[in-house]
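Here are my notes on the model you sent over. Have a look at it first, then go through the points in order.

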Amino acid sequence: MEQLLNSGLEVVIKSGVLYLPLLFDPDIVREVQELQNHAGEISHPLLIQVSGRHFIKTLGLFSLAENYAQIHPGEYQRYKEEFLHKFWPAASDREFSLGPNLKTIIFQALPHFLRRTSGLSRKGLSEGEILDFIGEKIEARADYGKVTEELAQSLAWQQSRSSPRRLERWEELEEALAPPEEGLIAARDLRLWLRQVLARQIWDQEKARLEQTLKDQEDLGVISGKRREVLLYLAAVGSLEIDGFGFTRIRLPDDYLIYRRTGEFALKDFYGRIYLFPDCRVAVSTMPPLKPVVLEKYKHPLLQRHAPGQAICISRDFIPPKVFSGANAIAALEEGVSALFYNYNSRGRWGYHKLGDVKKTHQTVDFDDLKISREHPGIAAGRIEIKNDFI
Amino acid sequence: MTLFETDLKRNLKANRARESGKKPFRPSRFTVVSAIIKAYGLDLAFLGLLDRVDERVFHNLAKSAKIKEKPGLELPLFSLTTEDGYYLTNAIKEKLDNPYLNYARDPEELILSPFLYRMNPALPEEILANRHFAWLSAQELEKITENRKLP
């Protein structure tokens, strides 16, 4: 398209549709001649004659402009960068965006897993209290001071960038764009028009993004001082782990893995022998469906192989939620952890493997190396719980 | 059934089978000329040049390029051109009208094709497809010279 728009060709605009010069070969010439009446005129829905030249109907102009980003992503991106650079020569990647998923994780999922382990009361915690608690835990981190300082500067810079005055400048572009005049038009003039339409599209998107940023900053304004600093830090670093619960960003801007550590636990087989399972992280992603997986390379009767990132064989009653929310993430994580702890039944057929299977006919994973005696210090001291001791 | 009738029947069958069989695709003369015009950016000036080409120019071209290689020009299956391009292509095609045009791959071969065809209209397809017309023309001219020398 760029090649066409930069060429010296002339095109025709008629009823908002772009007509391009008809290309010829002997067959096409014959067909065109057949379409012509005695006066040499053509009446055809796709073909028109302007100044003795033939043009063929192609694309709707506005449709072309609207879908330009999909049709020519490379050109669109290049133009977008060029256009934005004109307005913001200092544009950099120091973007700040506090996504809704991060807020859900911090203010809904995290408190659920903190209650029992951190000695906090069971009453609901306010957002400020949650941030205070996280602040106490993360202050000691080596990079905390540096990151928060950088972020404060970045935010100040961004505020100046998206100030109302800056938005006013965008208003200059708000004027409605009329389609180009009907009739013959040079391809270069059409290019100018198309660029104006694209500029407006880019402006609309950028305006929406700026407004969201302003809103985020207003939210931060409500939370002040130290709490604001903590939230900024989490938004920038994108990962946190407290008391066996954590999250880590997997994709910008707002996709995360939320996980809970199982800690060491033990299971017993049909003959009462004990197997010690090491700590692992059971995780769900913010991208639905929320299916619990084990992040580490791990083996367990409810995991198919000895590999990382395996989905846990969970109860059929549990349907992985198709929407990400705090409650759904908590439910999926608890389902995953409880499956590892309690769903293995040495007498039943549930899961992929059996512990202590003497036949080992179809067994692809061997659990012998996990076997421990009842005198194991962890078991003896009651630190490591045998999760299926009720059978 | 006589022997003549058997032969006739066999011939008819063979001819029909040959006609209905697949034939290798060859780009049309229009496609060849149009591809050369596009590749070398030819315009109306080239058409004017064709008017001025005579035997003397042909001899000079043939002599100056005895070891010329056939240029590699990738031909499209079909050629579509603009309206102006179409009329230029047709004009060149009609002006040079000869079967060797199908094997031309550059403007020089376009110019030489009618002369070469006139000198030797029975050159094999493989030779035309692989040898430059200037080299072929030089060969033909040499043959004529040698024939003249013979008593």
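How many disulfides does a search of the whole structure find over all chains? The search comes back with 0. Keep in mind that this is a predicted model.

1. Cysteines. With the disulfide count at 0, I looked at two cysteines of chain A. C280(A) is buried, at a relative accessible area of 0%. C313(A) has a relative accessible area of 17%, and it is buried because the cut-off is under 20%.

2. Strand β10 and its partners. β10(A) covers residues 274–277 and pairs with two other strands of chain A. With β9(A), residues 265–268, the pairing is antiparallel over 4 bridges, and A266(A) sits opposite L276(A). With β14(A), residues 371–372, the pairing is again antiparallel, over 2 bridges; there K371(A) is the bridge partner of Y275(A). Between β9(A) and β10(A) the hairpin has 5 residues, and G272(A) takes a positive phi near 85 degrees.

3. Faces of β10. Are the two faces of strand β10(A) covered or open? In a regular strand, side chains alternate between the two faces of the sheet. Here I274(A) and L276(A) are on one side, Y275(A) and F277(A) are on the other, and all of them are buried. Both faces are covered, then.

4. Aromatics in chain A. The structure holds 15 aromatic pairs over all chains. One of them joins F265(A) and F341(A), edge-to-face, with 4.8 Å centre to centre and 65 degrees between the planes. That pair links distant parts of the chain: F265(A) belongs to strand β9 and F341(A) to helix α12 (residues 326–342), 76 residues apart. Both F265(A) and F341(A) are buried.

5. An aromatic pair in chain B. The rings of Y100(B) and Y117(B) have centres 5.2 Å apart and planes at 80 degrees, so this pair is edge-to-face. Y100(B) is in the loop between α5 (83–96) and α6 (107–119) of chain B while Y117(B) is in helix α6, so the pair ties together parts 17 residues apart in sequence. As for exposure, Y100(B) counts as buried at 3% relative accessibility, whereas Y117(B) is partly exposed at 30%.

6. Ring cluster and charges. Back in chain A, ring pairs link F265(A), F277(A), F341(A), Y342(A) and F367(A) into a cluster. The charged end of K387(A) sits over the ring of F341(A), 4.0 Å from its centre. Chain B has a charge over a ring as well: R131(B) lies over the face of W135(B), at 4.6 Å from the ring centre.

7. F107 in helix α6 of chain A. F107(A) is in helix α6, residues 100–117, and counts as buried at 15% relative accessibility. Which residues is F107(A) in contact with, leaving aside neighbours within four places in sequence? They are E127(A), I130(A), L131(A) and L231(A). F107(A) and L125(A) are 18 residues apart in sequence, with 8.7 Å from C-alpha to C-alpha.

8. Q201 in helix α10 of chain A. Helix α10 of chain A spans residues 187–222 and includes Q201(A). Is Q201(A) buried or exposed? Its relative accessibility is 17%, so Q201(A) counts as buried. Not counting residues up to four places away in sequence, Q201(A) touches A65(A), E66(A) and Y76(A).

Terms used: Residues are numbered from 1 along each chain as its sequence is written. Chains are lettered from A and ligands numbered from 1 in the order in which they are written. This is a predicted model: local features need pLDDT of at least 70, side-chain atom pairs count only at pLDDT 80 or more; totals for chains, interfaces and linings use all residues. Side-chain values use heavy atoms; hydrogens and water are left out. A disulfide is a pair of cysteine sulfur atoms within 2.5 Å. Buried means under 20% relative accessible area, exposed over 50%, partly exposed in between (1.4 Å probe, protein chains only). Contact means heavy atoms within 4.5 Å. Two strands pair if DSSP finds at least two bridges between them. Rings of Phe, Tyr and Trp (its six-membered ring) pair if their centres lie within 6.5 Å; planes under 30 degrees apart count as stacked, over 60 as edge-to-face and the rest as tilted. A charge sits over a ring if NZ of Lys or CZ of Arg is within 6 Å of the ring centre and within 35 degrees of the ring normal.
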